[in-house]
Amino acid sequence: MDKEIFKLIKEYESIIIARHKAPDLDAYGSQFGLYYALKEHFQNKKIYAVGDTNSLNQFQELEKVDEMIIKKSLYIITDTAVRQMLTDDSYLLADKLIVIDHHQNDTDLSPSIYYKDTEISSASELIARFLIRNNVKISQNAAKPLYMGIVGDTGRFLFSSVKPETFKIAATLLETGIDLNSIYNSMYFESLQSKKMKAEYLNSFLLTKNNVGYRKNEASFLEKYQIESKTASRMLANQLSGIKEIPIWANFTVDTDSGKILCELRSRKIPIVDVAKKYGGGGHLLACGASVASWADCDLMLEDLDLLLEENHG
Ligand SMILES: [Mn+2]
């Protein structure tokens, strides 16, 4: 698959690289890692990075690409395989589509090549491995986003998705001379305001009968801490991790734009992705999400998660 994709990349003069909307560090990492590496390797090709942006973007601005150009381009999507996670439909115009992902969902994008590896830690690790396998030199420019993507999606090399290969690839990225100190500072420094928000979160979350931990973040909470719905949804998803009594936890945040509720579900051991899928979402076995119409749907979801714990106690 790595060779096949590289062959297509060599064939096209213009290549567009996209990833899921509301990007996290792995979305940026896989996108910009591939973008910088290909730009440096193929200096005569036109390569574009497209999509929405947010506060995690410390790399560069995204580009707007003309329809005429999209039509003759190879379009690569990383870190998602589903339509509802994309910023727009422009991939439909492209001459050829490649989807590169590590999530459990199947694709509804009809790509020419679907490179799916659910065992790998991150899309960034997948892209780094792809570059290494094809002897594309990884500069510091490309190594930095790739490394950040791996760190982001593995919770600093903590999750069980981390394999010996993950460290080998991280080592290759480190060998480029990227500065870990400044990378970690840029990822983990936070404001007093955000620390206080997390304190309130931990002081006010609730438990179901069988100890699914959860919190419903309403508009007033978001306003109090001046935080965007999508940011809060992601940023607070793991506040209840590592608590012995809580095997499954959920973070519910009202999307002040659409009125929907963003649901982030996490589990230590018991797979929960089927619950996310039941409500129209998806993701990984132990880390997934969905967005639902109302708080009542969140309560139904909590019942399903609680039931999983009841069955697993049994
Ligand atoms: Mn990812």
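This briefing covers one helix–helix packing and a set of aromatic pairs. The model is predicted. Helices H5 and H6 pack with their axes 9 Å apart, and the structure holds 14 aromatic pairs. Two of these pairs are described below, along with one aromatic cluster.

**Packing of H5 and H6**
- Helix H5 spans residues 140–153 and helix H6 spans residues 164–174, and the angle between them is about 150°.
- Angles over 145 degrees count as roughly antiparallel, and H5 and H6 are therefore roughly antiparallel to each other.
- The crossing in which H5 passes H6 is left-handed.
- On the H5 side, Ala143, Leu146, Tyr147 and Ile150 make the contact; they meet Thr166, Ile169, Ala170, Leu173 and Leu174 of H6.
- This contact of H5 with H6 comprises eight nonpolar residues, one polar residue and no charged residues.

**The Phe6–Phe130 pair**
- Among the 14 aromatic pairs, Phe6 and Phe130 are edge-to-face, with 6.1 Å centre to centre and 70° between the planes.
- Phe6 belongs to helix H1 (residues 2–11) and Phe130 to helix H4 (residues 123–133), so the pair links distant parts of the chain, 124 residues apart.
- Phe6 is buried at 7% relative accessibility, and Phe130 is buried with a relative accessible area of 2%.

**The Phe32–Tyr36 pair and its cluster**
- The ring centres of Phe32 and Tyr36 are 5.8 Å apart and the planes lie at 20°, so this pair is stacked.
- Both residues sit in helix H2 (residues 25–41), four residues apart, or about one turn of the helix.
- Phe32 is buried, with a relative accessible area of 0%, and Tyr36 also counts as buried, at 11%.
- Phe32 and Tyr36 form one aromatic cluster with Tyr28, Tyr35 and Phe59.

Notes: Residues numbered from 1 in each chain as written. Predicted model: local features only at pLDDT ≥ 70, side-chain atom pairs only at ≥ 80, totals over all residues. Heavy atoms only, no water. Axes fitted to C-alpha atoms, helices over the stretch in contact; angles between N-to-C directions. Helix = DSSP H or I, 4+ residues; strand = E, 2+ residues; numbered from the N terminus. Parallel < 35°, antiparallel > 145°, perpendicular 65-115°, else oblique. Left-handed = near helix turned anticlockwise from the far one by under 90°. Contact = heavy atoms within 4.5 Å. Nonpolar A, V, L, I, M, F, W, Y, C, P; charged D, E, K, R; others polar. Phe/Tyr/Trp six-rings, centres within 6.5 Å; stacked < 30°, edge-to-face > 60°. Buried < 20%, exposed > 50% of the residue type's maximum accessible area, 1.4 Å probe, protein only.
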